[in-house]
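Here are some exercises to work through with the structure open beside you. Try each task on your own before you read its solution.

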Amino acid sequence: DSCQTLCDCLETAKTVKCVNGNLTAVPPDLPPYVRTLFITGNRLARLPAGAFTAQRLPDLRALNLSGNHLRAVEAGALAALPALRQLDLSGNPLVSLSPQAFGEGGSPLEELALRGALRDHGVLLSLAAMLQSGALRNLSRLELADNGLLLLPAGMFTALPALRQLDLSNNSLVGLRNVSFQGLGQLQSLDLSDNSLGMLRNSTLAQFRSLPALRRISLGRNTWVCDCAIEDLVAWLKESDQVEGKEALTCAYPDKMLGKALLKINSSDLNCSVPVDLPSQLQTSYVFLGIVLALIGAIFLLVLYLNRKGIKKWMHNIRDACRDHMEGYHYRYEINADPRLTNLSSNSDV
């Protein structure tokens, strides 16, 4: 009766829907037969520990908590759901997500949707800590779209050996330098569309090649920069069958390459005669300068050695000239110091 008052309870479908009811907490008397639970469009500010009880919801497999104004998911909030396989927290302005939200022993969860729920950077770091702890090792589908993500924490996906689908679309990712896909041997689908990727490094492309099950990569609607740094990506696109719709990938910069298909780019289009690796170029210049200076020093020492006799004679001449000059000064000093010699000098002058 309580369930019928707050929600729509369908026993034959084993489904309960608590939609747009202005609920501020999880209904206390949910029926034990429920397998699919919708609590959406309400005003659940927080999900505290013990919000669900295993004894009353032993068969709950799918839980949808999207669009509830949730700001905090506390430790142990989802721990008492032994059969949970699907969880949707999309559309909630989370500012706190406990890495222990599923308890200490982990969870059998297989699908997790967080579309538009990771706008706070601290929540992203908490999610990364949760994933890296191994609490969701059974996860096969992870949806992180629409979150405005610029960069992902290093090693975020390393403890997800069962992951098959990863959705990172409609973010603002500018690179994948910190992202490791190693260990995702089951990964089949990777969506990177609608981001701000300008290039993909050779190390990332090598990871894509090493994933045996990866057969669908989406790269559409990114801001590809078609300069010399994109040569590796173009070569990979031409040889790979992993990229979905690769014929439609086009350059966004520079202006002269705008709209040109990546698959139609040749080396002559990129004007790569000047090296783009500035640190390596500077290092080479410093080495060359050091060699030149060493050569000049060696030549100078050789000239000194070959002219050692002339230099020695020249130094002796300078020494004699200096000695004669100093003796003259000494003689004049003695005359000036002795009054008798001074008078004699004056009379002789007269």
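**Exercise 1. The largest pocket**

Task: Find the residues that line the largest pocket of this predicted model, and sort them by class.

Solution.
- Step 1: Collect the lining. Leu-151 belongs to it, and so do Val-174, Gly-175, Leu-176, Arg-177 and Asn-178. The list is completed by Gly-198, Met-199, Leu-200, Arg-201 and Thr-204.
- Step 2: Sort by class. Five of the lining residues are nonpolar, four are polar and two are charged. Glycine goes with the polar residues in this scheme.
- Step 3: Add the volume. The largest pocket takes up about 180 Å³.

**Exercise 2. The whole protein**

Task: How many helices and strands does the protein have, and what share of its residues is buried?

Solution.
- Step 1: Count the secondary structure. There are eight helices and 16 strands.
- Step 2: Look at burial. The protein has 350 residues, and 39% of them count as buried.
- Step 3: Turn to the contacts with a separation of 6 or more. Residues 24 or more positions apart account for 63% of these.

**Exercise 3. Helix H2**

Task: Describe helix H2, from its span to its packing and its ends.

Solution.
- Step 1: Check the span. H2 covers residues 121-132, which makes 12 residues. From first C-alpha to last, H2 reaches 17 Å, close to the 16 Å expected at 1.5 Å a residue.
- Step 2: Pick out the buried residues. They are Val-123, Leu-124, Ser-126, Leu-127, Ala-128, Met-130 and Leu-131.
- Step 3: See what they pack against. The partners are three strands: E8 (96-97), E9 (111-113) and E10 (141-143).
- Step 4: Inspect the ends. At the N-terminal end, Asp-120 acts as a cap, with a side-chain oxygen 2.9 Å from the backbone nitrogen of Gly-122. Just after H2 comes Gly-134, with a positive phi of about 90°.

**Exercise 4. Two serines in loops**

Task: Are Ser-98 and Ser-90 buried or exposed, and what do they touch?

Solution.
- Step 1: Place Ser-98. This residue sits in the loop between E8 and E9.
- Step 2: Judge its burial. Ser-98 has a relative accessible area of 12%, so it is buried; the cut-off is under 20%.
- Step 3: List its contacts beyond four places in sequence. Ser-98 touches Val-73, Glu-74, Ala-75 and Met-130. Met-130 is also one of the buried residues of H2.
- Step 4: Now take Ser-90, in the loop between strand E7 (86-88) and E8. Its relative accessibility is 11%, so Ser-90 counts as buried too.
- Step 5: List the contacts of Ser-90, again beyond four places in sequence. They are Ser-66, Gly-67, Ala-113, Leu-114 and Arg-115.
- Step 6: Look at the polar contacts. The side chain of Ser-90 meets the side chain of Asp-88 at 2.7 Å, and it reaches the backbone nitrogen of Arg-115 at 3.1 Å.
- Step 7: Compare sequence with space. Ser-90 and Ala-145 are 55 residues apart in sequence, while their C-alpha atoms are 9.4 Å apart.

**Exercise 5. A buried leucine**

Task: Why does Leu-44 count as buried, and which residues surround it in contact?

Solution.
- Step 1: Find Leu-44 in the loop between strand E3 (36-40) and strand E4 (46-47).
- Step 2: Apply the cut-off of under 20%. Leu-44 counts as buried because its relative accessibility is 1%.
- Step 3: Name the contacts, leaving out neighbours within four places in sequence. Leu-44 is in contact with Leu-23, Thr-24, Ala-25, Val-26, Ile-39, Asn-68, His-69 and Leu-70.
- Step 4: Take one distance. Asn-22 is 22 residues from Leu-44 in sequence, and 8.3 Å from it, C-alpha to C-alpha.

**Exercise 6. Backbone angles**

Task: What is the phi of Asn-20 and of Arg-221, and which peptide bond is cis?

Solution.
- Step 1: Start with Asn-20, in the loop between strand E2 (15-19) and E3. Its phi is near 50°, a positive value in a residue other than glycine. At 59% relative accessibility, Asn-20 is exposed.
- Step 2: Go on to Arg-221, in the loop between strand E13 (216-218) and strand E14 (224-225). Phi is near 55° for Arg-221, which is again positive. Arg-221 is exposed, with a relative accessibility of 59%.
- Step 3: Finish with the cis bond. The bond from Tyr-253 to Pro-254 is cis, and its omega is near -10°. Pro-254 lies in the loop between strand E16 (251-253) and helix H5 (267-270).

Methods. Residues numbered from 1 in each chain as written. Predicted model: local features only at pLDDT ≥ 70, side-chain atom pairs only at ≥ 80, totals over all residues. Heavy atoms only, no water. Helix = DSSP H or I, 4+ residues; strand = E, 2+ residues; numbered from the N terminus. Expected span 1.5 Å × (residues − 1). Buried < 20%, exposed > 50% of the residue type's maximum accessible area, 1.4 Å probe, protein only. Contact = heavy atoms within 4.5 Å. Polar contact = N/O pair within 3.5 Å; in protein donor to acceptor, adjacent residues only side chain to side chain. 1 Å grid on protein atoms, 1.4 Å probe; cavity = no way out; pocket = protein on both sides within 12 Å on 5 of 7 lines; lining within 4 Å. Points joined across faces, edges and corners; volume = space filled by probe spheres on them.
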